[in-house]
Amino acid sequence: MNRVIRRTKKTLFSLIGVVFFLTAFACSQEDDVAAIRALIQKGAALAEAHDISGMMALTTEDIVAQSGTYTRLEIKRIIWTALMHYGQINILYPKPSVDLSNENNQASCGMFLLIVRKNRVVPDVKDLYDDPRGWLETVGDNADLYQLKLEMRKTDSGWRVSKAHIEPFRGLGFSQ
């Protein structure tokens, strides 16, 4: 009888351990997704503040953009040129999609974003944060619309952008 009780306890503790591990893993993934979305929110705020150094601090040292065409220094120049072109801006976007990779602490993120000059009136899109399609339909012709795809890498200092690809809306849609 003691054997059965010990085996039952052992099985129960094993089961509890597995449940705890799976719960911790799921929570960890949710935490990573939340951290990536917070990083994007911080990056948008830094762009609105024209803080290029702050934006670059959210990237890896070996970041590349547009399929590897642009290096870190070139990216800084492009951002500076864009910010000078727009002046004071607001960046609006619906909830970014985040896909965590099980390998090498990597993730990919896709999002649409709207860049508008600071005082330009745009439709209220706050209620459409969880509806990217509805968001796109609503903002349509109001400003410069882009699709941004990011590759992220988890480092000792948290999630960082390692690759970026931005594509403008061309009237008929995006390439993908």
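**Largest pocket and strand pairing**

Strands β5 and β6 pair in the antiparallel sense over 10 bridges. The model that shows this pairing is predicted. Its largest pocket has a volume of about 960 Å³, and the residues lining this pocket comprise 29 nonpolar, six polar and no charged.

**Strand pairing**

- A hairpin of two residues connects β5 to β6.
- Across the β5 and β6 pairing, L150 stands opposite A164 in β6.
- β5 is also joined to β4, by 10 bridges, and these two strands run antiparallel.
- In β5, Q147 is the residue that F112 stands opposite.
- In a regular strand, side chains alternate between the two faces of the sheet.

**Pocket volume and centre**

- Rolling a probe the size of a water molecule over the atoms shows where empty space is left.
- The volume of the largest pocket is about 960 Å³.
- The largest pocket is lined by 35 residues, of which M55, I79, L113, L148 and I166 are the closest to its centre.

**Origin and character of the lining**

- Among the helices, α1 (2-48), α2 (52-56) and α3 (72-86) each supply at least two residues of the lining of the largest pocket.
- Strands that likewise each supply at least two lining residues are β1 (59-65), β2 (89-92), β4 (106-117), β5 (144-155) and β6 (158-168).
- The most is given by α3, which contributes eight residues to the lining of the largest pocket.
- No charged residue belongs to this lining, whereas 29 of its residues are nonpolar and six are polar.

Terms used
Residues are numbered from 1 along each chain as its sequence is written. This is a predicted model: local features need pLDDT of at least 70, side-chain atom pairs count only at pLDDT 80 or more; totals for chains, interfaces and linings use all residues. Side-chain values use heavy atoms; hydrogens and water are left out. On a 1 Å grid over the protein atoms alone, a cavity is a set of points where a 1.4 Å probe fits but cannot get out, and a pocket is an open set with protein on both sides within 12 Å along at least five of seven lines; lining residues have an atom within 4 Å of a point. Grid points are joined across faces, edges and corners, and a volume is the space filled by probe spheres set on the points. Helices (H or I, at least four residues) and strands (E, at least two) are DSSP runs, numbered from the N terminus. Ala, Val, Leu, Ile, Met, Phe, Trp, Tyr, Cys and Pro count as nonpolar, Asp, Glu, Lys and Arg as charged, and the others, Gly among them, as polar. Two strands pair if DSSP finds at least two bridges between them.
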